[in-house]
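Colleague: I would like to learn how to read a structure. Could you take me through one, feature by feature?

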Amino acid sequence: MTKAYTTFETIELTPEEVLECSYSNWSKFFPANIYPSKVVKPIPSSFLEYLASESIKLPGREVPLEVNSDNEYSDWEDDDEEEEQKVVEVDEQEASLVNFQQEVSKHMNDLGGVVTPKLNWSSPKDAKWILAGNTTKCTSIDDIFLLLKSSDHIVDDLDFPFSAVEKSTSLPEIEYELVLKQWQDVNPALEFRVFIKDEKILGISQRDLNHYEYLEGLKQELDQKISEFVYDKVIPTIGCHTTLDKYILDVYIPRPFDKVYVIDINPFSRKSDSLLFTWNELLTLDTSAIHDDSYEFRIINETNLGAFAKKEFSESQVPLDVIDASMDTEAMIRLAREWQDLQLQDNRDI
Ligand SMILES: Nc1ncnc2c1ncn2[C@@H]1O[C@H](COP(=O)(O)OP(=O)(O)OP(=O)(O)O)[C@@H](O)[C@H]1O
Ligand SMILES: [Mg+2]
């Protein structure tokens, strides 16, 4: 009997490809097909350090967010001097932090006060549990900072942006950016991921892996709209402005299906979820043999429902017992005792 096996297909990814997938680098080419957003760039180093640190206290946060520019009390000389003294005391780092916070607040206001944040590549969607409503919807600057601070996906952007790049390659400096996107009530059923290589669609997958019965009936129309958008707009635009020959496009196509929105363009690497495809499947397709419409459009249906019932971000979730216990000292002690008992039991069993 022959053993069925597949070789592990590697993906050659360059640092330039990663950089070209930074939000500000691709979004400027699709002004008519993205939701309103603002980019704050560069992020001050003190804020990046805060995100990477264990501390939950923002440095310089005691500095008021609103610096009063119209000096109504100029007659009060003492106050003036004190004020000047204070400004001198605020060192450069804190000043850049205050500027950064003010810029974020201003952009939030301009976007209507409700936003969802991300860094160059990742959104903190793994940390949405920390906000009321279990979404990444932010209505204050504190929401934004808390989300970013609690997310492993953000840590990955900061610490391992080039982890899918060939090891020996020399790596460029990154200019980090904070992206604020105007909040939209996105229907996850209508989000799709398109794998593109050599100007061909390799496959399209439903992005949220729940079963939405109505998708089956819409599949043909959605497929046609997405494919038209990708071949007429995305591929020529990316081809003209970037060096990307492979990338992963995330799109959203809300009712009445007359417009396709680009949600993200991701590096073509195993770090991105291949969803209803396997990476090997995608990598062994011969692009020269693919016709424009010979790819598969995959959605969750009755048949494959069980196979893909995987839990989102299971890698960054902790057991509910631990979360409950962390909010209640007695429960914490109970949990520690139970844990000890279990270990003793284990040792006895060995
Ligand atoms: N403007 C918006 N308003 C509300 N929700 C949004 C908005 N933009 C994106 N989302 C939601 O946030 C999700 C994550 O966004 P995005 O694709 O930018 O994150 P990501 O970190 O790049 O994800 P991945 O790691 O899968 O590439 C989207 O699937 C969408 O449901
Ligand atoms: Mg992405």
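**Reading the model**

Modeller: Start with L97, which sits in helix α5 (residues 92-110). Helices (H or I, at least four residues) and strands (E, at least two) are DSSP runs, numbered from the N terminus. This is a predicted model, in which local features need pLDDT of at least 70, side-chain atom pairs count only at pLDDT 80 or more, and totals for chains, interfaces and linings use all residues. Residues are numbered from 1 along each chain as its sequence is written, chains are lettered from A and ligands numbered from 1 in the order in which they are written, and side-chain values use heavy atoms, with hydrogens and water left out.

Colleague: Is L97 buried or exposed?

Modeller: First, the cut-offs. Buried means under 20% relative accessible area, exposed over 50%, and partly exposed in between (1.4 Å probe, protein chains only). L97 has 3% relative accessibility, so it counts as buried. Now compare sequence and space. L97 and S45 are 52 residues apart in sequence, and their C-alpha atoms are 8.9 Å apart in space.

Colleague: Where does I299 lie?

Modeller: I299 is in the loop between β8 (296-298) and α10 (320-326). I299 is buried, with a relative accessible area of 4%. From I299 to K219 there are 80 residues in sequence, but 8.2 Å in space, C-alpha to C-alpha.

Colleague: Now the ligand. How many residues surround ligand 1?

Modeller: The rule comes first. A residue is near a molecule if one of its heavy atoms lies within 4 Å of it; the same rule serves for a strand. Here 17 residues surround ligand 1, and the closest are K118, S123, E191, R207 and D264.

Colleague: What kinds of residues make up that shell around ligand 1?

Modeller: Learn the classes. Ala, Val, Leu, Ile, Met, Phe, Trp, Tyr, Cys and Pro count as nonpolar; Asp, Glu, Lys and Arg as charged; the others, Gly among them, as polar. The shell around ligand 1 has four nonpolar, six polar and seven charged residues.

Colleague: Which strands supply at least two residues each of the shell around ligand 1?

Modeller: They are β2 (115-118), β3 (178-182), β4 (191-197) and β7 (261-267). β7 gives the largest share of the shell, three residues.

Colleague: Why does ligand 1 lie between domain 1 and domain 2?

Modeller: Domain bounds come from an automatic or database domain assignment. Domain 1 (36-59 + 78-182) and domain 2 (188-308) both give residues to the shell around ligand 1, so ligand 1 lies between them.

Colleague: Which polar side-chain atom lies 2.7 Å from an oxygen atom of ligand 1?

Modeller: A polar contact is a pair of N or O atoms within 3.5 Å; within protein, one must be able to donate a hydrogen and the other to accept it, and residues adjacent in sequence count only if both atoms are side-chain atoms. The atom you ask about belongs to D264. The backbone takes part too. A polar backbone atom of Q182 is 2.9 Å from a nitrogen atom of ligand 1. For Q184, a backbone N or O atom is 2.9 Å from a nitrogen atom of ligand 1. Taken alone, ligand 1 exposes 630 Å², and the protein buries 85% of that. Such areas come from the Shrake-Rupley method with a 1.4 Å probe; for residues, only the protein chains shown count as cover.

Colleague: What are the protein donors of the magnesium ion?

Modeller: Donors are N, O and S atoms within 2.8 Å of the metal (3.2 Å for Na, K and Ca); water is not among the atoms, so sites may look incomplete. For the magnesium ion (ligand 2), the protein donors are D264 (OD) and N266 (OD1), lying 1.9 to 2.0 Å from it. D264 is buried at 6% relative accessible area, and N266 is buried at 8%.

Colleague: Last, the backbone. What is phi of E199?

Modeller: Phi of E199 is near 60 degrees, a positive value in a residue other than glycine. E199 is in the loop between β4 and β5 (200-206). E199 is exposed, with a relative accessible area of 52%.
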